[in-house]
Amino acid sequence: MNTDFTFMIKITGLDEHYQPAGNTRATTNFANLARGENRQHNLRNALKMIDNRFNALAHWDNLKGDRYSVELEIISVEMDIESSGQTFPSIEVLKTSIVDHQTNQRIEGIVGNNFSSYVRDYDFSILLSEHNKGQPSFSIPEHFGELHGKLFQSFLNSSAYKTHFNKSPVICLSVAETKTYQRIANQHPVLGFEYQPNASSLTEQYFKKMGLQVRYFMPPNSAAPLAFYFVGDLLNDYTNLELISTISTMETFQKIYRPEIYNANAVAGQTYQPNLKNLDYSLTHIVYDREERNRLGIEQGKFAEAQFIKPYQAMFDNWSASYKQQPCLV
């Protein structure tokens, strides 16, 4: 089996009126904010935080701090496994666009940012958990993350991706609580100081199988470094405004979801270890249900197992064995 799967892309605007689709993972950052009685308040405030942070970073020729706003689109990717018209929700990411109110231009941003995947839920919440159940020490299952990684690379090289996007994705995540990060001399005007971890994390290894490398930067006036996963050259493939659109979007989500780290009152120093038990932090005025997020991760992993992994296991094994990794050609 050498043919790739068929991917279909659906684009939905993320604004204060957004309501999650039925097949959107409930634990996705923006979907979590868009439920309950506070949904519109949450979305409106989060989007305002993104605009404020963008203008603070893009401060040149922006004396009043209101030159730009960020528009967000949800990129939902569905996968047709047998060319039958029956699809499975593969991944969801965000795409940023920048509106320059001074020139009345709409500037292309970055695709990626947030990353949502049912198969990743299965790998981490079901497969990894079952593999280590009753074991004396933690270990990683053989071929862990390989299917997910090859599916992601297949999507990046698909006609669907190339039709919609001109550049490779950048995914921005939190740093790992179990690692220590050391600031180095390298400094970028927008991304800020670069940090290096003392060891590779499981997330790093997982995303490497997706064809993504990682660098850690703490942007100006941030409290902690962010992890930037990318293909190619992060510092030269993207403009400053493109990078700022990702920083402002994902740092906002992290301030809401992980305030102990990203809304901490003390800024990361030369050596930094994230701590989710930190008590010296400020809360945003946005409701985020973290307990629900953790619980639903397991439910969503079971959904992927029942609807995707088990029914097509033999097909995936054959496809994965014959798949040859290709560089992203965008």
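Reader: Glad to look at this one with you! How are helices and strands defined here, and how many of each does the protein have?
Author: Helices (H or I, at least four residues) and strands (E, at least two) are DSSP runs, numbered from the N terminus. The model is a predicted one. Counted this way, the protein has 10 helices and 10 strands.

Reader: Thanks! In what order do the strands of the open sheet stand?
Author: The sheet is open, holds 10 strands and has mixed pairing. Its order is β1-β2-β3-β4-β5-β9-β8-β7-β6-β10.

Reader: Which strands stand at the edges of that sheet?
Author: An edge strand here has a single partner strand, so one side of it is left without a neighbour in the sheet. The two that fit are β1 (6–14) and β10 (271–272).

Reader: Let's turn to β4. In what sense does β4 pair with β3, and in what sense with β5?
Author: With strand β3 (residues 87–100), strand β4 (residues 105–117) shares 9 bridges, and Phe115 is the bridge partner of Val93. With strand β5 (residues 170–174), β4 shares 2 bridges, and Asn113 stands opposite Ile171. The pairing with β3 is antiparallel, while that with β5 is parallel.

Reader: Which residue in the hairpin of β3 and β4 takes a positive phi?
Author: The hairpin has 4 residues between its strands. The phi in question is near 60°, and the residue is Asn104.

Reader: Further along the sheet, which residue of β9 is the bridge partner of Gln213?
Author: Strand β8 (residues 213–218) and strand β9 (residues 226–230) run antiparallel and are joined by 5 bridges. Gln213 has as its bridge partner in β9 Phe230.

Reader: Now a helix: is α4 mostly covered or mostly open, and how many of its residues are buried?
Author: Buried means under 20% relative accessible area. Helix α4 (residues 146–156) is mostly covered, and its buried residues include His148, Lys150 and Phe152. The count of buried residues is 10 of 11.

Reader: Why does the radius of gyration agree with a compact globule?
Author: With 330 residues, a compact globule would have a radius near 20 Å. The C-alpha atoms fill a box of roughly 60 × 50 × 45 Å along the principal axes, and 51% of the residues count as buried. The radius agrees because the protein's own value is 20 Å.

Reader: Last one! How far apart do the centres of the positive and negative side chains lie?
Author: There are 30 positive and 35 negative side chains. The centres of these two sets are separated by 3 Å.

Conventions. Residues numbered from 1 in each chain as written. Predicted model: local features only at pLDDT ≥ 70, side-chain atom pairs only at ≥ 80, totals over all residues. Heavy atoms only, no water. Rg over C-alpha atoms; globule rule 2.2 N^0.38 Å. Buried < 20%, exposed > 50% of the residue type's maximum accessible area, 1.4 Å probe, protein only. Lys, Arg positive; Asp, Glu negative; His and termini not counted. Charge placed at Lys NZ, Arg CZ, Asp CG, Glu CD. Pairing = 2+ DSSP bridges.
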